[in-house]
Amino acid sequence: MKKILVTGGLGFIGSHTVVELQNEGFEVVIIDNLSNSSENVLDGIEVISGKRPVFEKLDLREKQKVQAFFAEHSNIGGVIHFAASKAVGESVENPLLYYENNLGVLVYILQELLKKGDSNFIFSSSCTVYGQADQMPITEDAPVKPAESPYGNTKQVGEEIIKDTCKVNPQLAAIALRYFNPIGAHPSVEIGELPLGVPQNLLPFITQTGIGLREQLSVFGDDYPTEDGTCIRDYIHVVDVAKAHVAALKRLLNTENTENFEVFNLGTGKGSSVLEVIGSFERVTGEKLNYRIAPRREGDVIQAYADTKKANDVLGWKAKSTLDDAMKSAWDWENKIRKGTEKASV
Ligand code: WQD
């Protein structure tokens, strides 16, 4: 049985994907530098899937170590590459960190894969590549718009690097998965999102406000041209996102791909506004959420939700959980990790 390398496998989406891979009988090796995760995530993965994956703490920016890893692990049947920096605001402040970590590392991994025979590569991309798309729902052939941040640019350029490499290396097969907004946690409450510091994303900020860790949620603008004035996104349960990675990997391992570089949207196909997400929290928990309307956040698009037809028909995958399902899992997870935690500094 070939091993599957999962870079960033202790992170939010990575850890949920490792669970699904192990549930399907794959042997997994994780590389993670623990910059945005912790080693005890391995315990949660083991409790859920009954198996502790091999883990190597390694910073993929160290090219020699990447080379040594691939030289040691010769029977890697596929790579799912999550390891990357992902904070939009931070990328504006520190672009070179993002270009090195998200693109330099990508080049090193592809260089190692090309030394092997047939290779299968799954890339974490993002709906951010569409910018503000002209039409909703967004299809995979919607034009890629100029990136609003270095983070978004690394996703666009990352896809280009893979596409160009696949074009002249037929032995490399790759799939880019464009995530919309992954949220929630594993229903077992053994793994979930562990945002460091003040959360940038809506969901962890909501659950941290709900549990009293944050004073109040700021809704970034209610004067957008949408039904209730707040931005619309496609919030998708992280377990659904994880299952899509297994479907994509199997597609490549079974050589069902029709081209050696393919792209799929990962969303539910349903858009929800910020106020609707708050409504979901209040419905699921029975608690009012303390929020205020604040000024718009720079760089936010008005709306983004996925056309999921290609992933449904070609990948044979469809998101199953609703916004409320994901919200409940996020709330259960927040309650578990905050037992006894003092209020964090705001
Ligand atoms: C969602 C909506 C905010 C926080 C980004 C990246 C994407 C992916 C997920 C990494 C927006 C509003 C948020 C808050 C708010 N990145 N909001 N108050 O910006 O759609 O996507 O994160 O995986 O690639 O682009 O997600 O959760 O930050 O924001 O009102 O405190 O919630 O304005 O409308 P976003 P988000």
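**Asking why: a predicted model with its ligand**

Mentor: Let's start with helix α3, where the exposed residues Gln64, Ala71 and Glu72 sit on the face turned away from the buried side. Keep in mind that this is a predicted model.

Trainee: Which residues of α3 are buried, then?

Mentor: In α3, which runs over residues 63-72, they are Val66, Phe69 and Phe70.

Trainee: What puts those three on the same side of α3?

Mentor: Their arc around the axis is only 90°, so they share one side of α3. An α-helix has 3.6 residues a turn, so positions three or four apart point the same way.

Trainee: On to the cysteines. How many disulfides does a search of the whole structure find?

Mentor: Zero. Take Cys127: the nearest cysteine sulfur belongs to Cys231 and is 12 Å away. A disulfide needs two cysteine sulfurs within 2.5 Å, so Cys127 is in none.

Trainee: Is Cys127 buried or exposed?

Mentor: Buried, because its relative accessibility is 10% and the cut-off is under 20%. Cys166 comes out at 1%, so it is buried by that rule as well.

Trainee: Why is Gln156 called buried?

Mentor: Its relative accessible area is 13%, and anything under 20% counts as buried, so Gln156 qualifies. You'll find Gln156 in helix α6, residues 150-167.

Trainee: What makes the link from the Gln156 side chain to Val129 a polar contact?

Mentor: The side chain of Gln156 reaches the backbone oxygen of Val129 at 3.2 Å. The limit for such a pair is 3.5 Å, so the distance fits.

Trainee: Now the ligand. Which residues come nearest?

Mentor: There are 19 residues around the ligand, and Ser126, Leu202, Ser218, Arg233 and Asp300 come nearest.

Trainee: How do you know that Asp300 makes a polar contact with the ligand?

Mentor: A polar side-chain atom of Asp300 is 2.6 Å from a ligand oxygen. That is within 3.5 Å, so we call it a polar contact. The side chain of Tyr151 has an N or O atom 3.1 Å from a ligand oxygen, and a polar backbone atom of Phe220 lies 2.9 Å from one. Overall, the protein covers 91% of the 690 Å² of accessible area that the ligand has on its own.

Trainee: Which element gives the most to the shell around the ligand?

Mentor: Strand β8, residues 217-220, with four residues. By class, the shell has nine nonpolar, six polar and four charged residues.

Trainee: What about backbone oddities? Where does Pro137 lie?

Mentor: In the loop between β5 (119-126) and α6. The peptide bond from Met136 to Pro137 is cis, with omega near -10°.

Trainee: What is the phi of Val189 near?

Mentor: It is near 60°, a positive value in a residue other than glycine. Val189 is in the loop between β7 (181-183) and α7 (202-210). With a relative accessible area of 17%, Val189 is under the 20% cut-off and so counts as buried.

Trainee: And Thr255, buried or exposed?

Mentor: Exposed, because its relative accessible area is 62% and the bar is over 50%. Thr255 sits in the loop between α8 (238-253) and β11 (261-266). The phi of Thr255 is positive too, near 45°.

Note on methods: Residues are numbered from 1 along each chain as its sequence is written. This is a predicted model: local features need pLDDT of at least 70, side-chain atom pairs count only at pLDDT 80 or more; totals for chains, interfaces and linings use all residues. Side-chain values use heavy atoms; hydrogens and water are left out. Buried means under 20% relative accessible area, exposed over 50%, partly exposed in between (1.4 Å probe, protein chains only). A residue is near a molecule or strand if one of its heavy atoms lies within 4 Å of it. A polar contact is a pair of N or O atoms within 3.5 Å; within protein, one must be able to donate a hydrogen and the other to accept it, and residues adjacent in sequence count only if both atoms are side-chain atoms. Accessible areas come from the Shrake-Rupley method with a 1.4 Å probe; for residues, only the protein chains shown count as cover. Helices (H or I, at least four residues) and strands (E, at least two) are DSSP runs, numbered from the N terminus. Ala, Val, Leu, Ile, Met, Phe, Trp, Tyr, Cys and Pro count as nonpolar, Asp, Glu, Lys and Arg as charged, and the others, Gly among them, as polar. The arc is that of the directions from the helix axis to the C-beta atoms.
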